[in-house]
Amino acid sequence: MKVLITGGYGFLGSWIVKDLAAGGHSIYLYDLRKDADRLEVILPKEVVEKTVFCEGDVVDKDRMVRAIRENGITHIIHLAGLQVPTCRANPILGAQVNVIGTIAVFEAYRECKDQVKRVVYASSAAVFGPQTDYPPGSISDEVRLSPSTHYGHFKICNEGNAKVYYLDHGLTSVGLRPWT
């Protein structure tokens, strides 16, 4: 596989890079700037050097399409996003990166569907809201979502948009809700 990871220099991205590298996959990191500090903590230097940096902003669909085409990308893992504190301080920027950026990923997927086989994107446990809204124990995916942050609502929006891309264009994706 040739995997393009948006936000691949972050915490989750670094561990995903480690797993993909162990599987012998080609890894392309799509981000605003190259910053391998986290990768260098958990990976040998030669593995870090094998990753390919693709400079680009997640909201720039055309640049992302070029990166996909030029590198023969077959899979996309979309992790790029701004966390709760940034979304709280600047909701417009949070929406641009977290929602428009995710739509740009799906649009790039749609444009490259002859080449890209799958998109996996990060949602978040933040879609569930505070623990006090739920009974003790495991939380089912079928419960009422009640996020208390812009970030959580942005992630719900992304899950809904993923469904629309499936309904309108037959594009399948996998959304994960990590508890980080």
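Contact here means heavy atoms within 4.5 Å. We're working on a predicted model, where local features need pLDDT of at least 70, side-chain atom pairs count only at pLDDT 80 or more, and totals for chains, interfaces and linings use all residues. Residues are numbered from 1 along each chain as its sequence is written, and side-chain values use heavy atoms, with hydrogens and water left out.

**Exercise 1. Place Val174 and list its contacts.**

Step 1: Val174 sits in strand β6. Strands (E, at least two residues) and helices (H or I, at least four) are DSSP runs, numbered from the N terminus.

Step 2: check the exposure. Buried means under 20% relative accessible area, exposed over 50%, and partly exposed in between, with a 1.4 Å probe and protein chains only. Val174 comes out at 32%, so it counts as partly exposed.

Step 3: skip the neighbours within four places in sequence, and Val174 is in contact with Arg118, Val119, Val120 and Tyr121.

Step 4: for a longer jump along the chain, take Ile77. It is 97 residues from Val174 in sequence, with 9.4 Å between the C-alpha atoms.

**Exercise 2. Work out the strand order of the sheet and find its edges.**

Step 1: set the pairing rule. Two strands pair if DSSP finds at least two bridges between them. Strands of a sheet pair through backbone hydrogen bonds, either parallel or antiparallel.

Step 2: read off the order. The open sheet has 6 strands, β3-β2-β1-β4-β5-β6, with parallel pairing.

Step 3: look for strands with one partner. β3 and β6 (173-176) each have a single partner strand, so one side of each has no neighbour in the sheet.

Step 4: add the twist, which averages 20 degrees from one strand to the next. Axes are lines fitted to C-alpha atoms, for helices over the stretch in contact, and angles run from 0 to 180 degrees between N-to-C directions.

Step 5: zoom in on one pair. β4 (residues 75-78) and β5 (residues 118-122) are parallel over 4 bridges, and His75 stands opposite Arg118 in β5.

Step 6: put the helix on. α6 packs on the sheet, touching β1, β4, β5 and β6, and its direction makes about 175 degrees with that of β5.

**Exercise 3. Is Leu4 buried or exposed, and what surrounds it?**

Step 1: Leu4 belongs to strand β1 (residues 2-6). Of the 5 residues of β1, 4 are buried, so the strand is largely enclosed by the rest of the structure.

Step 2: Leu4 itself is buried, at a relative accessible area of 0%.

Step 3: go to the partner strand. β1 pairs with β2 (residues 26-31) in the parallel sense over 5 bridges, and the bridge partner of Leu4 in β2 is Tyr28.

Step 4: beyond neighbours within four places in sequence, Leu4 is in contact with Tyr28, Tyr30, Cys54, Met64, Ile68, Ile73, His75, Ile76 and Ile77. The C-alpha atoms of Leu4 and Ile73 are 6.3 Å apart, although 69 residues separate the two along the chain.

**Exercise 4. Check the length of helix α6 and locate its bend.**

Step 1: the expected span is 1.5 Å times one less than the number of residues. For the 21 residues of α6 (residues 91-111) that gives 30 Å, and the end C-alpha atoms are 29 Å apart, which agrees.

Step 2: the bend at a residue is the angle between axes fitted to the seven residues ending there and the seven starting there. In α6 this is about 25 degrees at Gly101.

Step 3: pick out the buried residues of α6, among them Gly94, Val97, Asn98, Gly101 and Val105. An α-helix has 3.6 residues a turn, so residues three or four places apart point the same way.

**Exercise 5. Trace what Thr149 touches, then follow the chain into α7.**

Step 1: Thr149 lies in the loop between β5 and α7 (150-169). At 18% relative accessibility, Thr149 counts as buried.

Step 2: its side chain reaches the backbone nitrogen of Gly152 at 2.9 Å. That's a polar contact: a pair of N or O atoms within 3.5 Å, where within protein one must be able to donate a hydrogen and the other to accept it, and residues adjacent in sequence count only if both atoms are side-chain atoms.

Step 3: leaving out neighbours within four places in sequence, Thr149 is in contact with Val84 and Arg88.

Step 4: now α7. Its buried residues pack against α5 (84-89), α6, β5 and β6.
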